[in-house]
Amino acid sequence: MVQAAKKSDLYTYRITWSEEDKEYVGLCAEFPSLSWLADTKEEALRGINAVVTDVISDMETNGETPPEPLSLKHYSGKFLVRVPPDVHRKLAIEAAESQVSFNRYINARLSAECK
């Protein structure tokens with residue numbers, strides 16, 4: 001039987017190493033001011049999840065609305081980015097030289113950066 005996810009499990013977590021602290025740091029994208037330090041990745045994830053659970057509970061107790069989890073948001077695949085004219089020109093030239101549309105060129109560049 002699949003257990004229903006608790007609210008805090010729907011949020012976006014990242015575990016990273018802190019050279020300064022010599023520990024793993026648990027982070028939550030929707031709650032950027034929160035973090036949790038631990039000796040292992042697993043402890044860091046459990047710790048930040050527990051903190052987020054407590055914060056959600058406190059917010060709801062005080063009549064506040066927790067942020068919407070990124071996992072539940074709908075993304076259209078469209079966004080507007082403003083760049084300086086010289087950057088726009090340079091990218092348009094690169095797209096033309098690659099013999100692809102500007103949109104396809106930008107999509108490829110962004111996709112390569114997100115891997």
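Is Ser8 buried or exposed? In this predicted model, Ser8 counts as buried because its relative accessibility is 2%, under the 20% that sets the limit for that class. The points below take up the surroundings of Ser8, then the buried acidic residue Glu30, and finally the largest pocket, with about 620 Å³ of space.

**Ser8**
- Ser8 belongs to the segment that comes before strand 1 (13-18), and its side chain makes a polar contact with the side chain of Thr53 at 2.7 Å.

**Glu30**
- Glu30 sits in the loop between strand 2 (23-28) and strand 3 (35-38).
- Although Glu30 is buried, it has no salt bridge, and Lys73, the nearest side chain of opposite charge, is 7.6 Å away.
- The side chain of Glu30 does reach backbone nitrogens: that of Leu70 at 2.8 Å, and that of Thr12, which lies 2.9 Å from a polar atom of the Glu30 side chain.

**The largest pocket**
- The lining of the largest pocket consists of 18 residues, and those that lie nearest its centre are Phe79, Val81, Ile106, Asn107 and Leu110.
- Two elements, helix 2 (85-97) and helix 3 (102-113), give two or more residues to this lining, and helix 3 gives the most, with 8 residues.
- Sorted by class, the lining of the largest pocket holds 9 nonpolar residues, together with 5 polar and 4 charged ones.

Definitions and conventions
Residues are numbered from 1 along each chain as its sequence is written. This is a predicted model: local features need pLDDT of at least 70, side-chain atom pairs count only at pLDDT 80 or more; totals for chains, interfaces and linings use all residues. Side-chain values use heavy atoms; hydrogens and water are left out. On a 1 Å grid over the protein atoms alone, a cavity is a set of points where a 1.4 Å probe fits but cannot get out, and a pocket is an open set with protein on both sides within 12 Å along at least five of seven lines; lining residues have an atom within 4 Å of a point. Grid points are joined across faces, edges and corners, and a volume is the space filled by probe spheres set on the points. Helices (H or I, at least four residues) and strands (E, at least two) are DSSP runs, numbered from the N terminus. Ala, Val, Leu, Ile, Met, Phe, Trp, Tyr, Cys and Pro count as nonpolar, Asp, Glu, Lys and Arg as charged, and the others, Gly among them, as polar. Buried means under 20% relative accessible area, exposed over 50%, partly exposed in between (1.4 Å probe, protein chains only). Lys and Arg count as positive and Asp and Glu as negative; His and the chain ends are not counted. A salt bridge is a side-chain nitrogen of Lys or Arg within 4 Å of a carboxyl oxygen of Asp or Glu. A polar contact is a pair of N or O atoms within 3.5 Å; within protein, one must be able to donate a hydrogen and the other to accept it, and residues adjacent in sequence count only if both atoms are side-chain atoms.
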